[in-house]
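Student: I've got a structure open and no idea where to start. Can you walk me through it?

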Amino acid sequence: RCKNLSVSFWNSYWMLPSDVCGMNCFWEAAFRYDYMQRHPSEKMHLAVVACGERLEETVTMLRSAIIFSIKPLQFHIFAEDQLHESFKDILDDFPYEGRVNYTLYPITFPNESAAEWKKLFKPCASQRLFLPLILKNVDSLLYVDTDILFLRPVDDIWSFLGKFNSTQIAAMAPEHEEPRIGWYNRFARHPYYGATGINSGVMLMNMTRIRRKYFKNDMTPVRLQWGEILMPLLKKYKLNITWGDQDLLNIMFFHNPESLYVFPCQWNYRPDHCIYGSNCKEAEEEGIFILHGNRGVYHDDKQPTFRAVYEAIKNYSFGDDLSRSLLQPLELELRKTMHTYCGRVYKVFVKQLTKSVRDLYARRSKG
């Protein structure tokens, strides 16, 4: 995996430190550079679904996306009607500098089964399944849960679209790295992808390919398109699924494994990667790229390491010095969490963030 690299031809988008790593690192970094050079003005589309008490969490996620990203961002925010005005009041006050636009959408499901989809797992969570059918004019999309924090530019995960082979339509990370604590391989009563399943909290999609694809399934010998397969899957497995729409995605990619690109764990780092001991090797080497505070860990005292990162980004004011106002106070808070398993590896929580801050200032200094 990539650690550090110094290459003279990096432009202002890529300012990397001066160590040398292997050829795998070189070509992975070179690929991202090349992709960004070939798509310099491409707008990145990011979608999120917010219901209930998720306003603050969603806004904090959006802030993290804005801080470091390079290319323009288009936010697609699906929210309950009573949240729309609050989103407008907050987002209209952000210093976008022309780089960010947003669109608010109501929560919508197919009329004939709306009630069933809405009550599946958490309120509104299954909305993500219908994004390819709703956002018909969007070619590619990064969907994230509200409890996601970006610790490096969105551009970097977006560039993985260019690494998809001809059959891949989406990218997700494994649900677990360590099978001994895996949920799907121990408890699932339905098919799931790979050895430990996949987590849908961070999902990169080529939506044009999704809309065109005919999916293999275990309900009929006839392949079905995305809009045709969702309800039959729900009817067949609704008594056997625990995690709602994520389980349906696992079933779908179990039957169509060639269609999935798998991210390393540092692109979707969750408490399970450290609460029983560190088990995400990529994060240990390079740091966390995307932090996923599932199970409400941003808002309780069970995992103070996760909460410290959330509070630091939530309280950061746009325009303040990132080193003094974000990194330094965050590291002080993280040191206080060393009595926990995640706190013992607190440096993985700031390793990439520190580099992202350095790269941002390097880009600014070059105009």
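**Surface, sheet and cores**

Tutor: Sure, surface first: the protein chain exposes about 15,900 Å², and carbon and sulfur atoms supply 50% of that. Keep in mind that this is a predicted model.

Student: Okay. How much of the protein chain is buried?

Tutor: Buried residues make up 57% of the 367 residues.

Student: And how many helices and strands are there?

Tutor: The chain has 15 helices and eleven strands. If you take contacts between residues at least 6 apart in sequence, 71% of them join residues at least 24 apart.

Student: Let's do the sheet. What's the strand order in the open sheet?

Tutor: The open sheet has seven strands in the order β3-β2-β1-β4-β7-β6-β10, and the pairing is mixed. At the edges sit β3 (100-105) and β10 (260-262), each pairing on one side only. From one strand to the next, the twist averages 25°.

Student: Does anything sit on it? I mean, which strands does helix α3 touch?

Tutor: Helix α3 (residues 84-91) packs on the sheet and touches β1, β2 (73-79) and β3. The direction of α3 makes about 170° with that of β3.

Student: Mixed pairing, you said. In which sense does β4 pair with β1, and in which with β7?

Tutor: β1 and β4 pair in the parallel sense over two bridges, while β4 and β7 are antiparallel over five bridges. For landmarks, Ala47 has Tyr143 in β4 as its bridge partner, and Leu141 has Met205 in β7.

Student: What about β6 and β7?

Tutor: Those two pair in the antiparallel sense, over four bridges. Look for Pro174, which stands opposite Ile198 in β7.

Student: Back to β4. How many of its residues are buried?

Tutor: Five of its five residues. Both faces are covered: Ser140, Leu142 and Val144 lie on one side, Leu141 and Tyr143 on the other, and all are buried.

Student: Why do they split between sides like that?

Tutor: In a regular strand the side chains alternate between the two faces of the sheet.

Student: Right. So what about the nonpolar core, which residues have the most contacts inside the largest one?

Tutor: Trp117, Leu141, Met205, Leu230, Leu248 and Phe253, in a core of 42 residues. Elements that give two or more residues to this core include β1 (44-50), β4 (140-144), β7 (198-206) and α10 (245-255). The largest share, seven residues, comes from α9.

Student: Pick one for me. What is Leu230 in contact with?

Tutor: Leaving aside neighbours within four places in sequence, Leu230 is in contact with Trp117, Leu129, Phe130 and Met252. There's also a second, separate core of 40 residues, with Phe75, Val100, Ile157 and Trp158 among its members.

Student: Switching topic: helix α12. Why would I expect it to span 16 Å?

Tutor: Because α12 (residues 304-315) has twelve residues, and at 1.5 Å a residue the helix should span 16 Å. The end C-alpha atoms are 16 Å apart, which agrees.

Student: Nice. Which residues of α12 are buried?

Tutor: Thr305, Phe306, Ala308, Val309, Tyr310, Ala312 and Ile313.

Student: What do they pack against?

Tutor: The buried residues of α12 pack against α2 (55-68), β5 (148-150), β11 (290-292), α13 (322-335), α14 (341-344) and α15 (347-365).

Student: Great, I'll click through those now.

How values were computed. Residues numbered from 1 in each chain as written. Predicted model: local features only at pLDDT ≥ 70, side-chain atom pairs only at ≥ 80, totals over all residues. Heavy atoms only, no water. Core = buried A, V, L, I, M, F, W, Y, C linked by side-chain atoms within 4.5 Å. Buried < 20%, exposed > 50% of the residue type's maximum accessible area, 1.4 Å probe, protein only. Contact = heavy atoms within 4.5 Å. Areas by Shrake-Rupley, 256 points an atom, 1.4 Å probe, with all protein chains shown as cover. Expected span 1.5 Å × (residues − 1). Pairing = 2+ DSSP bridges. Axes fitted to C-alpha atoms, helices over the stretch in contact; angles between N-to-C directions.
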